[in-house]
Amino acid sequence: TYVTDLFSKLIHKWGFEYLKVDFIGATLIPRDNTKYTKVDPAITTVQAYREAIGLIRETVGEETYLLGCGAPITNSVGLFDGMRIGHDVSSWYFVNYKDSINRDYGFISIKLGANQTIWRNWMQRKFWQNDPDCMVVRDYGSPFEIQRHSQLFPWTKGIPKGLSYEEAKLWSDITWFTGGVNAPSTDLERLKKQSPDRYELLLKSMPVNEMPAKWIDWYVDPELVVMES
């Protein structure tokens, strides 16, 4: 009842046409010292998840654009119009972060987002519209970004923010080329005044490419891939 009332209010009373439901993969991950219980123990956790999102979908209707984010990807097929298919990005091109098997996985960075956008490009227009995360082209870190990263990830202190022109062009080109969601998250007036060349990159990435992109070759090196559209 709570979920139905909330989403009904968002659509019918407040007039939203685009909703992003974020970090919902957390519903499938048990937290420390937390034991989840389901109303119906006969169904699986994934069934409970799909029923919950299905209820949201039914409440907001087919005309509302529903974006999933931080969601279990394969368990969400058929429920969303758009889906975040990668990690958060930022004005870092690459920040080294070793995972449990010691790979250079990357952390909140453009390189990581670019790889995931390519790897999951095949989902575009088959399951939903892919969302590679925000269009970032700036050569500086935003005040909020600097404050939040230093607070949440103190080990990144001292790593300079800001993309080179080539790094920014890589991200704008990939976002344009693969044809998914293109959502700028930048103070556009500041960007236009401070970095007009980056502002032009952002403009050139819109509208996104309407022709589906496909792999031509994928080499042993996962960072080397040939695509066409």
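How many bridges join β1 to strand β2? I looked this up first and found four, with β2 covering residues 65-68 and the two strands running parallel. I note that strands here are DSSP runs (E, at least two residues), as helices are (H or I, at least four), numbered from the N terminus, and that two strands pair if DSSP finds at least two bridges between them.

Before going on, I recorded that this is a predicted model, in which local features need pLDDT of at least 70 and side-chain atom pairs count only at pLDDT 80 or more, while totals for chains, interfaces and linings use all residues. Residues are numbered from 1 along each chain as its sequence is written, and side-chain values use heavy atoms, with hydrogens and water left out.

**Entry: the parallel sheet.** I found Y18 standing opposite Y65 in β2. Following the sheet across, I read the order β1-β2-β3-β4, an open sheet of four strands with parallel pairing. β1 (18-21) and β4 (129-131) are at the edges with a single partner strand each, so one side of each has no neighbour in the sheet.

**Entry: β5 and β6.** I then turned to strand β5 (residues 214-218), which is joined to β6 by four bridges and runs antiparallel to it; K214 has E228 in β6 as its bridge partner. Along β6 (residues 225-228) I saw the side chains alternate, with V225 and M227 buried and pointing to one face, whereas V226 and E228 point to the other and are not buried. I took buried as under 20% relative accessible area, exposed as over 50% and partly exposed as in between, with a 1.4 Å probe and protein chains only.

**Entry: the cysteines.** Why is there no bond between the sulfur of C69 and the closest cysteine sulfur, in C134? The two sulfurs are 9.1 Å apart, which is too far for a bond, a disulfide being a pair of cysteine sulfur atoms within 2.5 Å. My search of the whole structure accordingly lists zero disulfides. I also noted that C69 is buried, at 4% relative accessible area, whereas C134 is partly exposed, at 23%.

**Entry: the lining of the largest pocket.** I looked up which residues form this lining, a lining residue having an atom within 4 Å of a point on a 1 Å grid over the protein atoms alone, and a pocket being an open set of points where a 1.4 Å probe fits, with protein on both sides within 12 Å along at least five of seven lines. Helix α4 (residues 143-152) gives the most to this lining, with five residues.
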